[in-house]
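Reader: I'm new to this one. Could you walk me through how to read its features?
Author: Sure, let's take a look together.

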Amino acid sequence: MKKTIAIIALVAMIIVPVAAKSILPTQKSSFAVGIELGQPTGVTVNYDIDSKWDGYITAAFGFGSDSGYIDAVLGGQYKAGEFKINKAKFDVNVGLQAGAIINLGQSAGVRLAVRGTGSVSYDWTWKNVGAFTAYLRAGVGPAINFVDGVNVGITWNAALGCVYHI
């Protein structure tokens, strides 16, 4: 568990300065932290690169058929479109995430996963509190399993999340 947290922290320390350096001074960037509830459930850190691109790191716990697992991913997404329902504007995003799935319990082992993702998000400001983004994100893709030899399977995720922009 300590190794997983250390790896996530190191990846964040590398990605965030590189992304921040690529932003023009006239563009606004922002960090956000929050939670995702679903399969898996955990904590996420989001970084808005510009009005179209953003990246995120998520560390979460999932529930499997015989035991749980830790799912740690680094992802990015692109705003592909938007739609409105009355006055509410929703963004449609597509992206890619890659990371490690650490199985716990009887099927202990590590899988490396890459998932294509899609999400719908809604931004709002809560008076005197700050800016938030709520989203529904789902992804599916291959995972290389290193439990009993090397084989490839399918992995998925789907979660409802909410982040607070710092």
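Reader: Let me start with one residue: is E82 buried, partly exposed or exposed?
Author: One thing up front: this is a predicted model. Now, buried means under 20% relative accessible area and exposed means over 50%, with partly exposed in between. E82 has a relative accessible area of 46%, so E82 is partly exposed.

Reader: Which side chain meets E82 in a salt bridge?
Author: That's K89, with N to O at 3.5 Å. K89 counts as partly exposed too, at 34% relative accessibility.

Reader: What else does K89 form a salt bridge with?
Author: With D91, where the closest N and O atoms are 3.8 Å apart. D91 counts as buried, at 10% relative accessibility. Salt bridges that share partners then join K79, E82, K89 and D91 into one network.

Reader: How many salt bridges does the structure hold?
Author: Six. Another one to look up links D71 and R115, with the closest N and O atoms 2.8 Å apart. D71 lies in strand β4 and R115 in strand β6, so this pair ties together parts that are 44 residues apart in sequence.

Reader: Are D71 and R115 buried or exposed?
Author: Both partners are buried: D71 has a relative accessible area of 3%, and R115 comes in at 2%.

Reader: Let's move on to the rings. How is a pair of aromatic rings described?
Author: You give the distance of the centres and the angle of the planes. The structure holds nine aromatic pairs. Take W53 and Y78: their ring centres are 4.9 Å apart and their planes sit at 55°, so the pair is tilted.

Reader: Where in the fold do W53 and Y78 lie?
Author: W53 is in strand β3 and Y78 in strand β4, so the pair ties together parts that are 25 residues apart in sequence. Both rings belong to partly exposed residues, W53 with a relative accessible area of 44% and Y78 with 32%.

Reader: What about W126 and F132?
Author: Their ring centres are 6.0 Å apart with the planes at 50°, so that pair is tilted as well. Here the partners are on opposite sides of the cut-offs: W126 is exposed, with a relative accessible area of 52%, whereas F132 counts as buried at 13%.

Reader: Which residues form one aromatic cluster with W126 and F132?
Author: F83, F90, Y122, W124 and Y164 join them in that cluster.

Reader: And which charged end sits over the ring of Y56?
Author: The charged end of R137 does, 3.8 Å from the ring's centre.

Reader: Last topic, the empty space. How much of it lies in the largest pocket?
Author: About 600 Å³. To find the pocket in the view, start from the lining: 28 residues line it, and the closest to its centre are S30, D48, D123, T133 and H165.

Reader: Which elements give two or more residues to the lining?
Author: The strands β1, β2, β3, β4, β5, β6, β7 and β8. Of these, β7 gives the most, with five residues.

Reader: How do the lining residues divide into nonpolar, polar and charged?
Author: Seven are nonpolar, ten are polar and eleven are charged.

Technical notes:
Residues are numbered from 1 along each chain as its sequence is written. This is a predicted model: local features need pLDDT of at least 70, side-chain atom pairs count only at pLDDT 80 or more; totals for chains, interfaces and linings use all residues. Side-chain values use heavy atoms; hydrogens and water are left out. On a 1 Å grid over the protein atoms alone, a cavity is a set of points where a 1.4 Å probe fits but cannot get out, and a pocket is an open set with protein on both sides within 12 Å along at least five of seven lines; lining residues have an atom within 4 Å of a point. Grid points are joined across faces, edges and corners, and a volume is the space filled by probe spheres set on the points. Helices (H or I, at least four residues) and strands (E, at least two) are DSSP runs, numbered from the N terminus. Ala, Val, Leu, Ile, Met, Phe, Trp, Tyr, Cys and Pro count as nonpolar, Asp, Glu, Lys and Arg as charged, and the others, Gly among them, as polar. A salt bridge is a side-chain nitrogen of Lys or Arg within 4 Å of a carboxyl oxygen of Asp or Glu. Buried means under 20% relative accessible area, exposed over 50%, partly exposed in between (1.4 Å probe, protein chains only). Rings of Phe, Tyr and Trp (its six-membered ring) pair if their centres lie within 6.5 Å; planes under 30 degrees apart count as stacked, over 60 as edge-to-face and the rest as tilted. A charge sits over a ring if NZ of Lys or CZ of Arg is within 6 Å of the ring centre and within 35 degrees of the ring normal.
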